[in-house]
Amino acid sequence: MLLGPALVVSAVLFTLGVAGVLLRRNAIVIFMCVELMLNAVNLTFVALAQRIGVAGHVFVFFVMAVAAAEAAVGLAIILAVFRHRESVDLRDIDLLKG
Amino acid sequence: MAATAPSLIWLAVVLPLAGFVVNATLAFVRPGARTVVSVVGVGVLVGAFAFSAAACAALAGAPDAAPIVFRYWTWMPVGDLQVDVALRLDHLSAVMLLVVTGVGSLIHVFSVGYMREDPGYARYFAYLNLFVFFMLLLVLGANFPVMFVGWEGVGLCSYLLIGFWFGEKVNADAGKKAFIVNRIGDCGFLVAMFLIFRHTGSLDFAEVFARAPGLLAAGGATVTAITLFLFLGCTGKSAQIPLYTWLPDAMQGPTPVSALIHAATMVTAGVYLVARCGILFALAPASQAVVAMTGAVTALFAATIALKQWDIKRVLAYSTVSQLGYMFVGVGTGAAAAGIFHLTTHAFFKALLFLGSGSVIHAMHHAYHATHAHEDAQDMRNMGGLRHHLPWTAALMWIATLAIAGVPPLAGFFSKDEILTAAFARGAHDPLWYGIWALGLAAALLTAFYMTRLMLYTFHGPNRTGEPQRAHLHEAPWVMTGPLVLLGALTVLGGLINVPPLLHGGAWLHEWLAPVTAGATALLPAGHLSHTIEWVLVLAAVLVAAAGIVGAVVLLKPGALVPARQAVPETGLGRLLWKKWYVDELYDAIIVRPLAWLSRRVLWETIDVRVVDGLGVNGSARVARAAGWLGSRLQTGQVGVYVAVFVVGVLAILTAALR
């Protein structure tokens with residue numbers, strides 16, 4: 001029931017997330033795009049749960065928990081970088097340049 | 001006592017080594033302890049001589065003529081190769097033993113006076129003792145490897161003593177030259193040893209010489225190769241063409257060293273080796289011809305150079321090369337006894353000549369030193385008339401000069417005559433030997449001439465040393481003239497040990513060496529000369545000697561000489577001889593310089609710097625750095641790039657997995 005449209009939406013969302021990560025420079029925006037990708041995946045899980053059973057629902061909760069932890073750590077890192085460099089533009093942050 | 005004397009022979013070898021240890025220690029700890037150094041340095045030699053004499057007396061009294069071999073311990077037990085540290089006392093090594101320790105003792109005593117004021121006194125005696133140790137090892141070794149240790153050891157000591165005053169570059173260079181030229185010869189000795197072991201399965205003298213006639217085809221390529229390689233070793237050590245050039249330069253060392261190492265003992269090691277391997281050489285007539293021909297040509301060639309040298313020691317050096325050539329004619333002919341006889345008498349009169357020249361140089365040096373003049377104390381043009389100042393030295397050196405010229409009845413006459421007679425006798429089988437005899441005779445003429453020239457310019461005519469210096473010319477102290485007198489006595493009487501039957505003598509040395517030389521003599525064609533021919537040969541030798549001496553007295557004008565400083569350079573043939581036929585320059589041009597060029601330009605600047613350093617070491621480092629640089633270009637530090645690569649990678653994997 002509505003499986004096809006749900007998967008299409010989640011694919012579009014995931015692609016938007018990937019495109020955002022690839023194209024944007026602002027760390028916060030990239031972070032939000034990562035969240036977008038996670039939620040696109042969540043949507044896939046939920047949609048597919050009607051086929052494969054409750055495991056799909058359970059997995060969504062795991063992803064949410066991990067995403068919450070990641071948000072906490074990720075925002076803290078971005079905050080620390082901003083304090084240090086007065087910028088969250090990733091073009092300015094290239095300490096690993098060889 | 002007599003029965004145990006030979007078994008104490010190891011003491012004769014070890015005593016000089018102990019002397020070396022003590023003197024070397026003193027050289028470091030207390031270089032000024034001259035009395036102790038003198039007592040130890042000379043004492044060990046006299047002790048070694050006493051033990052040697054006792055052992056030889058016992059050998060002479062032994063009922064059979066068998067060699068006495070002492071095996072001490074096994075040195076190299078490798079498969080079939082069993083090499084013992086062993087000494088062999090037989091009639092040949094006994095003669096060498098007495099010459100080395102006897103003449104060596106006299107020269108050590110002389111050195112006490114000659115080196116008295118040298119700051120390196122202890123070091124000098126340490127080297128000298130070490131030399132005698134190695135020389136005795138060379139002479140007494142019972143197999144080729146032990147002999148080779150001695151052979152290399154005397155080369156080392158020669159190097160150390162030539163460069164004894166290493167503060168001056170020319171001395172250090174002379175030492176290096178001697179060492180390097182000798183290496184070429186030693187290489188030949190080594191190859192010969194390998195061949196001997198391969199073809200006879202042993203390196204022990206007794207076994208090799210016993211098996212050789214059975215295993216090696218007479219005149220075959222194998223034995224010819226072995227003997228020629230051995231002879232290559234001899235040309236290095238005994239200064240024969242083409243490796244003789246180091247010996248005249250070796251005169252940079254102290255004069256007693258020239259007397260001991262570069263006249264009486266070490267340089268005769270090659271003659272001893274050929275005599276020792278007489279059986280091998282007897283099996284290879286071609287090699288014998290090479291040995292004798294090389295000796296004869298060297299004898300004449302070196303004599304021509306000696307005609308025009310001004311440095312008194314250089315004349316004697318070329319004379320030594322020339323006389324060594326005679327010895328090789330002797331041993332090459334197969335007349336080992338004649339060669340060893342000349343070796344012995346030459347040790348007497350050449351040591352006397354060198355020590356005499358040492359006495360002259362000593363006086364000259366002191367005269368120049370006392371007056372603060374900077375003239376050459378060894379140049380004969382600065383001498384003249386010295387017989388008034390050094391009467392003992394002059395008289396004794398005249399005896400030695402007459403002996404080396406071959407005037408009867410002095411030592412050199414008998415030995416030289418025996419060699420020439422032996423070469424002539426072999427001419428009946430191959431005319432080549434007549435040529436060798438003729439070369440020897442020509443060399444005898446020149447020998448008489450250049451030695452008389454040396455005496456005339458040094459001791460006769462007006463004195464050219466300089467007015468203020470003349471008062472300082474004195475005879476050396478007794479510690480130096482004493483050995484000269486003893487050597488003079490030996491020079492006069494030395495010939496008597498081997499008076500030929502022609503002159504109603506017993507040919508004692510000939511009989512004495514017979515047990516050693518019998519094997520080789522049996523293999524050679526017997527040459528017999530009638531008494532008439534022998535008398536003609538003797539007469540020819542005496543006439544030639546007289547002609548040389550008289551010719552020098554008539555032709556040379558000591559009064560017309562000017563001191564070295566005012567001398568004008570020679571021209572024409574005289575210059576050619578004075579420049580030693582430009583052989584050193586020739587070797588420099590065809591060997592030394594190409595080798596130096598090859599080493600510098602090709603081996604060093606191309607192969608080492610460009611290939612090894614450039615390509616190998618720096619090249620690999622550069623490749624690693626380039627690879628690292630390329631890799632580091634991937635690391636942009638831009639998160640976007642990483643993500644892009646990551647996404648592309650994931651897509652690629654997914655595509656591959658889903659296909």
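Visitor: How much of chain A counts as buried?
Guide: In this predicted model, 10% of the 98 residues of chain A count as buried.

Visitor: What does "buried" require here?
Guide: A residue is buried if 20 or more other C-beta atoms lie within 10 Å of its own.

Visitor: And the overall dimensions of chain A, what are they?
Guide: The C-alpha trace of chain A spans about 50 × 25 × 20 Å along its principal axes. Its radius of gyration is 16 Å, whereas a compact globule of 98 residues would have one near 13 Å.

Visitor: Which secondary structure elements does chain A have?
Guide: Chain A contains three helices and zero strands. Read from the N terminus, the order of its elements is α-α-α.

Visitor: What share of the contacts joins residues at least 24 apart?
Guide: That share is 47%, counted among contacts in chain A between residues at least 6 apart in sequence.

Visitor: Changing topic to chain B: how many residues of each chain are in contact?
Guide: On the chain B side there are 12 residues, and they are in contact with 10 residues of chain A.

Visitor: Which elements of chain B give two or more residues to that side?
Guide: Those elements are α24 (583-634) and α25 (639-658) of chain B.

Visitor: Which one gives the largest share?
Guide: The largest share comes from α25(B), with five residues on the side that touches chain A.

Visitor: How does that side of chain B divide by class?
Guide: The side of chain B that touches chain A has six polar, five nonpolar and one charged residues.

Key. Residues numbered from 1 in each chain as written. Chains lettered and ligands numbered in written order. Predicted model: local features only at pLDDT ≥ 70, side-chain atom pairs only at ≥ 80, totals over all residues. Helix = DSSP H or I, 4+ residues; strand = E, 2+ residues; numbered from the N terminus. Rg over C-alpha atoms; globule rule 2.2 N^0.38 Å. Buried ≥ 20, exposed ≤ 12 C-beta atoms within 10 Å, placed from the backbone. Contact = placed C-beta atoms within 7 Å. Nonpolar A, V, L, I, M, F, W, Y, C, P; charged D, E, K, R; others polar.
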